[in-house]
Amino acid sequence: MKLTTLLAGTALALGLAGAALAQDKTKAGFIYVGPIGDGGWSYEHNEARLAVEEHFGDKVETVYQESVPEGADAERAMTQMALGGADIIFTTSFGYMDPTINVAAKFPDVKFEHATGYKRSDNVSTYSARFYEGRAVQGHIAGKMTKTNKVGYIGSFPIPEVIRGINSAYIHAKKVNPDVEFSVIWVYTWFDPAKEADAAKALIEQGADVVLQHTDSTAPQAAAQEAGNVITFGQASDMAEYAPMPRVSSIIDNWAPYYIQQVGKVMDGTWESVDTWDGISTGMVKIGEITDAVPADVKEEALAMVEAIGAGEYHPFTGPLNKQDGSAWLAEGEVADDGTLAGMNFYVEGITGEIPQ
Amino acid sequence: MNLDAINWILLLASLMVASTPILLAAIGELVVERAGVLNLGVEGMMITGAICGFAISIETQSAALGFIAAAIAGAAISMLFGLLTQYLLSNQVATGLALTLFGLGLSALLGQGYIGIKGVEVARLHVPLLSDIPVIGPILFRHDLMVYISIAIIAGVWAVLKFTRAGLILRAVGENHDAAHALGYKVVRIRLMAIAFGGACAGLGGAYLSLVRVPQWTEGMTAGAGWIALALVVFASWKPWRVLIGAYLFGGLTVLQLNLQAAGLKVPVEYLSMLPYLITILVLVIMSSGRGRAALNAPAELGRSFHASS
């Protein structure tokens, strides 16, 4: 009798203490695909994590794991985090989509946030940024500045997010320079500095004087710098250390406001599964400083485009646009709907080469 | 497709640059394995060399000092492996894997302050007269010094193994450590020296990545090059010149597939990406089909621990 009372008392006390602790701190977990020092994608997600810590101070505790491979191992990492008491877990790469859904099913009380994917459930939100808006600006600058009329593009994986970027950049380069050609190299990795550098060199050796990248490291920037007259754009992060040349501008992913908002919702219990896709207008996509290496008039046009996109007056995918095979896609003045964009698996007319299936 | 778009001269030149890191790491590992030690920590030693070389070159503004520091760092971390496997007789496979993990973590820690910093310029050597020869000049004679040093190391290893007493002793230790011990050779000491050499070479290979090929520091930047170097040693059937051929073949195919993609070759990218590995398998099959000659060539004591009293 005494023993059971004691046990019950202890259990109660422990339970209370646990509850009190849980109420004190909200635990947010982050899974990164690359190292936080990649200077690009994962770096920006980690900056946003730090912003969450700063915003909520003692009320929040964050944990992260970096360089988690996309695939089965990601499930292990997420499960571990959920078991470790995380209340919300941000999984920050496309390849975590199915693992996130699987793990989320096992932990209905934990909220999950998956970046750049398209599968949701009751406790899985998706969020992404309209990087293609920034790509439009890059395409414009690239088309204006290329002298060889060859633009190189380092693609990671042939997924809609990357293909959207290629299309958007191409459309706007073509608009200002009808002779422009795009060469795309698929490297099948988000992060491999040596391979990214080799790809950039191959493009440059074949005459490209603009290199766009959809991979996470700054290695292509270094390769362009060595080559001399080649311009590049910072990807995911500002990569300002390569300004003013070769990096003439950049797309910066600004996740902090979103992360703060979502963690806040978990705290006050208003979190629900949503699909967020924000761009320049809300500041989720920022255009890094356009350097003086860009002629003043081109810079002005680029800034005007940023303004127009931000104000919602201009959509980068505005008709008339045809698909690569020549079939009509968007009529004059028509803008692409989000569904088509989210699942984009075709090139627009004019791009040579095929998307690996 | 437009094959004319590919500048074959530049392609062959960048082939040599792309191959140098794995070439250096592989020739070091070859010596280690010829002494009968299997060190799977190449990746860890490479990345340690990469960050140490980068850091020192930034601090001193000298690429040469960077490379020297990288070699020392690689050798130093390999001594950890040497101590564990040669004196404490730990399992070589497990210790090697641990060394890789340790190296990756350590380098990330050391590299905290060096992310996003531009590397120092590594001068390219224009060999007088020779570099002006059309076609061959730009391909062979306009590289940085390390490319030539790596080839010199291959030649040196070949000559030492084949013609010198030291090479003979090293091979004896790798083929039959008991016999070598009976003859009065210090098996453990010789193996430690081989491990240190392997570590230094791996460190140089890593530094070549961070100082020349990429050139910058990023965490995890070796991205598996160490494992390719390990495979290369088997591919070369423990013969120095074959390491050179293997490395250039592998590096060449990697560069070629990127170039073919950029030129718009109408072949699915997956096949192109597979190419380096496919050819590696193919060559391995062809080589080992010669009645297991390649297998016979493996050092007999590879991976076995030696203890004098046993």
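Helix α4 (residues 97–106) of chain A lies across β3, β4 (111–115) and β5 (124–129) of chain A and runs at about 175 degrees to β4(A). Helices (H or I, at least four residues) and strands (E, at least two) are DSSP runs, numbered from the N terminus. Axes are lines fitted to C-alpha atoms, for helices over the stretch in contact, and angles run from 0 to 180 degrees between N-to-C directions. Contact between two residues means that their C-beta atoms, placed from the backbone, lie within 7 Å.

This is a predicted model, in which local features need pLDDT of at least 70, side-chain atom pairs count only at pLDDT 80 or more, and totals for chains, interfaces and linings use all residues. Residues are numbered from 1 along each chain as its sequence is written, while chains are lettered from A and ligands numbered from 1 in the order in which they are written.

## The parallel sheet

The sheet under α4(A) also deserves a description. Six strands of chain A form an open sheet in the order β2-β1-β3-β4-β5-β11, with parallel pairing. β2 (60–65) and β11 (275–278) of chain A stand at the edges with a single partner strand each, so one side of each is left without a neighbour in the sheet. On average, neighbouring strands of this sheet are turned by 15 degrees against each other, direction ignored. Two strands count as paired if DSSP finds at least two bridges between them. Strand β1 (residues 26–31) and strand β3 (residues 88–91) of chain A pair in the parallel sense over four bridges. The bridge partner of A:Phe30 in β3(A) is A:Phe90. α2(A) packs on the sheet, where α2(A) touches β1 and β2 of chain A, and its direction makes about 165 degrees with that of β2(A).

## The mixed sheet

A second open sheet of chain A has six strands in the order β7-β6-β8-β9-β10-β12, and its pairing is mixed. Here β7 and β12 (285–288) of chain A are the edge strands, each with a single partner strand, so one side of each is left without a neighbour in the sheet. The average turn between neighbouring strands of this sheet is 20 degrees, direction ignored. Strand β8 (residues 210–213) and strand β9 (residues 231–234) of chain A run parallel and are joined by two bridges. A:Val210 has A:Ile231 as its bridge partner in β9(A).

The table lists two helices that lie across this sheet.

| Helix | Strands crossed | Angle to β6(A) |
|---|---|---|
| α6(A) (residues 160–176) | β6 (150–155), β7 and β8 of chain A | about 170 degrees |
| α7(A) | β6, β7 and β8 of chain A | about 160 degrees |

## Packing of α2 and α9

The axes of α2(A) and helix α9 (residues 256–268) of chain A come within 8 Å and cross at roughly 50 degrees. α2(A) and α9(A) are therefore oblique to each other; angles under 35 degrees count as roughly parallel, over 145 as roughly antiparallel, 65 to 115 as roughly perpendicular and the rest as oblique. The crossing of α2(A) and α9(A) is right-handed, a term for the near helix being turned clockwise from the far one by less than a right angle. Residues making the contact include A:Ala48, A:Val52 and A:Phe56 of α2(A), and A:Tyr259 and A:Val263 of α9(A). The residues of this contact divide into eight nonpolar, one polar and two charged. Ala, Val, Leu, Ile, Met, Phe, Trp, Tyr, Cys and Pro count as nonpolar, Asp, Glu, Lys and Arg as charged, and the others, Gly among them, as polar.

## Domains and chains

Chain A is divided into domain 1 (24–130 + 255–278) and domain 2 (131–250 + 288–342), with bounds that come from an automatic or database domain assignment. Taken over C-alpha atoms, the centres of the two domains of chain A are separated by 28 Å. Their contact takes 16 residues from domain 1 and 16 residues from domain 2 of chain A. Helix α2 (residues 41–56) of chain A gives the most to the domain 1 side, with four residues.

Between chains, 30 residues of chain A are in contact with 35 residues of chain B. β7 (181–186), α7 (193–205) and α8 (219–227) of chain A are the elements that give two or more residues to the chain A side. α7(A) gives the most, with nine residues. The residues of the chain A side divide into 13 nonpolar, 11 polar and six charged.

## Backbone details

The peptide bond from A:Met245 to A:Pro246 is cis, with omega near 0 degrees, and A:Pro246 lies in the loop between β9 and β10 (247–253) of chain A. The bond from A:Gly319 to A:Pro320 is also cis, with omega near 5 degrees.
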